[in-house]
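User: I would like a close look at one part of this model. Please take a single strand and show me what surrounds it.

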Amino acid sequence: MREIQRTIIDALGVKPAIEPDAEVERRVRFLADYLGATGAKGYVLGISGGVDSTLAGRLAQLAADRVRADGGEAVFLGVRLPYRIQHDEDDAAAALDFVAADEVVTVNVAPGVDALNAEIERATGTGLTDFTKGNAKARHRMVTQYALAGDRGLLVIGSDHASENVTGFFTKHGDGAADVLPLSGLNKRQGRALLRHLGAPPQLWEKVPTADLLDEKAGQTDEDELGLRYDDIDDYLEGREIPVEAAEKIEAAWHRNRHKRTTPVEIHDTWWRS
Ligand SMILES: Nc1ncnc2c1ncn2[C@@H]1O[C@H](COP(=O)(O)OP(=O)(O)OC[C@H]2O[C@@H]([n+]3cccc(C(=O)O)c3)[C@H](O)[C@@H]2O)[C@@H](O)[C@H]1O
Ligand SMILES: Nc1ncnc2c1ncn2[C@@H]1O[C@H](COP(=O)(O)OP(=O)(O)OP(=O)(O)O)[C@@H](O)[C@H]1O
Ligand SMILES: [Mg+2]
């Protein structure tokens, strides 16, 4: 194995193989125990129809069910957060069905994002690029989830996992901002395996990952944008050998996006000098 590969695997805590039953139990227990330790009233998460939020949402609902069965108080709030009309709305509906959240609300992020864009255009003479507007959509989803959490005493779940974290493929302070990460240490195929184990329909656990942030390329696949295949990322994180070009791409992204895995850089920090 490459030396840096070992370092990355250890830092992200990925196992070469998992046992779905035990992994589900460990993660549900973590979410339930954390509520007990903090006194928070439950969890909130945006449900997109993608693999990650379907899995994290179902685990959160199972945790809320468990806390209530033990006599506690807990609720899971699922949030639909489309930008206008989502092109894969049928997958989002299937995900909501499967997650079976205690409560669901829909907040369209388009009015907020479009107002920001219009105001920036008025102030500077130039609107946002499609790329930066995409990150603004992710941040607007974050603002919405924290607003709902704040008034209800809930904690915000993040859907980040090892196969996204390794390349920094998330919006800083957007979908990267959360209170609790129940999928940490899992790669993409392990996440799919847990979702399948939990009884999700193939439409959900087989779904092709998309950040779906661009107006001009609705549903662009993560793999197209990254120039990497999840199979290679997942193999790499399981300690397998992958084509050198792909390994080097992963390692360059890992290094380039270090700033996303830490608190804001301070004067006494030295990690960025190497
Ligand atoms: N060296 C450095 N030290 C400290 N801060 C640094 C920095 N370099 C950039 N920054 C800051 O970070 C910002 C750039 O980061 P960011 O805004 O995240 O932007 P960026 O990393 O350029 O873009 C986010 C990427 O994540 C993808 N994404 C986003 C959301 C969801 C998903 C998904 O999988 O569903 C994927 C998205 O498609 C895009 O490729 C800069 O504007 C700057 O403020
Ligand atoms: N249209 C949306 N509605 C609600 N939440 C969303 C939407 N788009 C993104 N999100 C939130 O942002 C998170 C990050 O998106 P990401 O695409 O990485 O995950 P996903 O859509 O759940 O899974 P996948 O990576 O398989 O597409 C989601 O898990 C979800 O919580
Ligand atoms: Mg997605």
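The reply below follows one strand, its partners and its links to other parts.

Analyst: Keep in mind that this is a predicted model. Let us take strand E1, which spans residues 42-46.

Start with burial. Five of the five residues of E1 are buried, so the strand is largely enclosed by the rest of the structure. A residue counts as buried if 20 or more other C-beta atoms lie within 10 Å of its own. Look at the two faces of E1 in turn. One side carries Gly42, Val44 and Gly46. The other side carries Tyr43 and Leu45. These residues are all buried, and both faces of E1 are covered.

Now look at the partners of E1. One is strand E2, residues 75-80. Five bridges join E1 to E2, and the two strands run parallel. Find Tyr43 in E1, and you will see Phe76 of E2 standing opposite. How does the chain get from E1 to E2? It passes through H3. This β-α-β crossover is right-handed. Helix H3 covers residues 51-69.

Strand E4, residues 154-156, is another partner of E1. Here three bridges make the link, and these strands also run parallel. Val44 is a useful landmark: its bridge partner in E4 is Val156.

Follow the pairing one step past E2. Strand E3, residues 103-106, pairs with E2 over four bridges, in the parallel sense. Gly78 has Val104 as its bridge partner in E3. The chain crosses from E2 to E3 through helix H4, residues 89-99. That β-α-β crossover is right-handed too.

Now return to E1 and turn to ligand 2. Both E1 and H3 supply at least two residues each to the shell around ligand 2. H3 gives the most, with three residues. There are 20 residues around ligand 2, and Gly46, Ser48, Gly50, Ser53 and Ser159 come nearest. Gly46 is one to pick out: this residue is also among the buried residues of E1. What kinds of residue make up the shell? Seven are nonpolar, seven are polar and six are charged.

To sum up, E1 is largely enclosed. Parallel bridges join E1 to E2 and to E4. A right-handed crossover through H3 links E1 to E2. E1 and H3 both supply residues to the shell around ligand 2.

Definitions and conventions: Residues are numbered from 1 along each chain as its sequence is written. Chains are lettered from A and ligands numbered from 1 in the order in which they are written. This is a predicted model: local features need pLDDT of at least 70, side-chain atom pairs count only at pLDDT 80 or more; totals for chains, interfaces and linings use all residues. A residue is near a molecule or strand if its C-beta atom, placed from the backbone, lies within 6 Å of it. Ala, Val, Leu, Ile, Met, Phe, Trp, Tyr, Cys and Pro count as nonpolar, Asp, Glu, Lys and Arg as charged, and the others, Gly among them, as polar. A residue is buried if 20 or more other C-beta atoms lie within 10 Å of its own, exposed if 12 or fewer, and partly exposed in between; C-beta atoms are placed from the backbone. Two strands pair if DSSP finds at least two bridges between them. A crossover is right-handed if, with the strands pointing away from the viewer, the path from the first strand over the helix to the second runs clockwise.
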